[in-house]
Amino acid sequence: MSLYKLADRLQEIRFSKNGLCSMELEGRKITLARKGDRLFAFAGTCPHAGHDLADGYLDSKNCIVCPLHNYRFSLSNGLLTSGEGYHIKIYKTRRRADGWYVDFIEQRPYCKVVQGMLCKRIQGGGHQYDSLGISKAPS
């Protein structure tokens, strides 16, 4: 586990008016999003065109919206909600007695069927592959 302390209290993190904050930790650019007492951590740039996601906004469905092309990425799994192949890295945040932490072990996207095709799912170990050689969830 690779936990990095963000702050003692959530109020110490400098969020902009859009509820987002960009920072660099251990050479990684990440974006933090605050919604109430929840804290999300994810990749700092959009994989589509490389725009800074901290300039976007968090919508009502807990998706980060890139300001450049309005691509929406789910903060529960990192997948682009329109079904294209883009995804962002999602990192777990943890609140402990001594503060807020981010865990740099990436949460991988879940399996998703798009137009009848199985997309790759990687979560933990134990991969299985379908007849096309596409990784799928272990049963």
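The exercises below, each with a worked solution, concern a predicted model.

**Exercise 1. Two positive phi values**

Locate glutamate 26 and asparagine 62, and decide for each whether the residue is buried or exposed.

Solution. Begin with the backbone: phi of glutamate 26 is near 50 degrees, a positive value in a residue other than glycine, and asparagine 62, which is not a glycine either, has a positive phi of about 60 degrees. Next, place each residue in the chain: glutamate 26 lies in the loop between β2 (20-25) and β3 (28-35), while asparagine 62 belongs to the loop between β5 (57-58) and β6 (63-65). Finally, turn to accessibility, where buried means under 20% relative accessible area and exposed means over 50%. Glutamate 26, with a relative accessible area of 56%, is therefore exposed, whereas asparagine 62, at 19% relative accessibility, counts as buried.

**Exercise 2. The sheet with β5, β6 and β7**

Work out the strand order of the open sheet of three strands, and explain why one side of β5 and one side of β7 are left without a neighbour in the sheet.

Solution. The order is β5-β6-β7, with antiparallel pairing. Because β5 and β7 (72-74) stand at the edges and each has a single partner strand, one side of each is left without a neighbour in the sheet. Looking then at the pairing of β6 with β7, one finds three bridges in the antiparallel sense, and valine 65 stands opposite arginine 72 in β7.

**Exercise 3. The surroundings of asparagine 77**

Determine which polar partners asparagine 77 has through its side chain, including one in a side chain and one in the backbone.

Solution. Asparagine 77 lies in the loop between β7 and β8 (90-96), and at 17% relative accessibility this asparagine counts as buried. Its side chain is joined to that of serine 74 by a polar contact of 3.5 Å. A polar atom of the asparagine 77 side chain also lies 2.9 Å from the backbone nitrogen of leucine 79.

**Exercise 4. Nonpolar cores**

Identify the residues that touch the most other members in the largest nonpolar core, and trace the contacts of leucine 75.

Solution. The largest core has 16 residues, of which Phe42, Leu53, Ile64, Phe73, Leu75 and Ile88 touch the most other members. Its largest share, three residues, comes from strand β4 (residues 38-43). Leaving aside neighbours within four places in sequence, leucine 75 is in contact with Phe40, Phe42, Leu58, Asn62, Cys63, Ile64, Ile88 and Ile90. A second, separate core has 14 residues, among them Ala7, Cys21, Tyr91 and Phe104.

Methods. Residues are numbered from 1 along each chain as its sequence is written. This is a predicted model: local features need pLDDT of at least 70, side-chain atom pairs count only at pLDDT 80 or more; totals for chains, interfaces and linings use all residues. Side-chain values use heavy atoms; hydrogens and water are left out. Helices (H or I, at least four residues) and strands (E, at least two) are DSSP runs, numbered from the N terminus. Buried means under 20% relative accessible area, exposed over 50%, partly exposed in between (1.4 Å probe, protein chains only). Two strands pair if DSSP finds at least two bridges between them. A polar contact is a pair of N or O atoms within 3.5 Å; within protein, one must be able to donate a hydrogen and the other to accept it, and residues adjacent in sequence count only if both atoms are side-chain atoms. A nonpolar core is a set of buried Ala, Val, Leu, Ile, Met, Phe, Trp, Tyr and Cys residues joined through side-chain atoms within 4.5 Å. Contact means heavy atoms within 4.5 Å.
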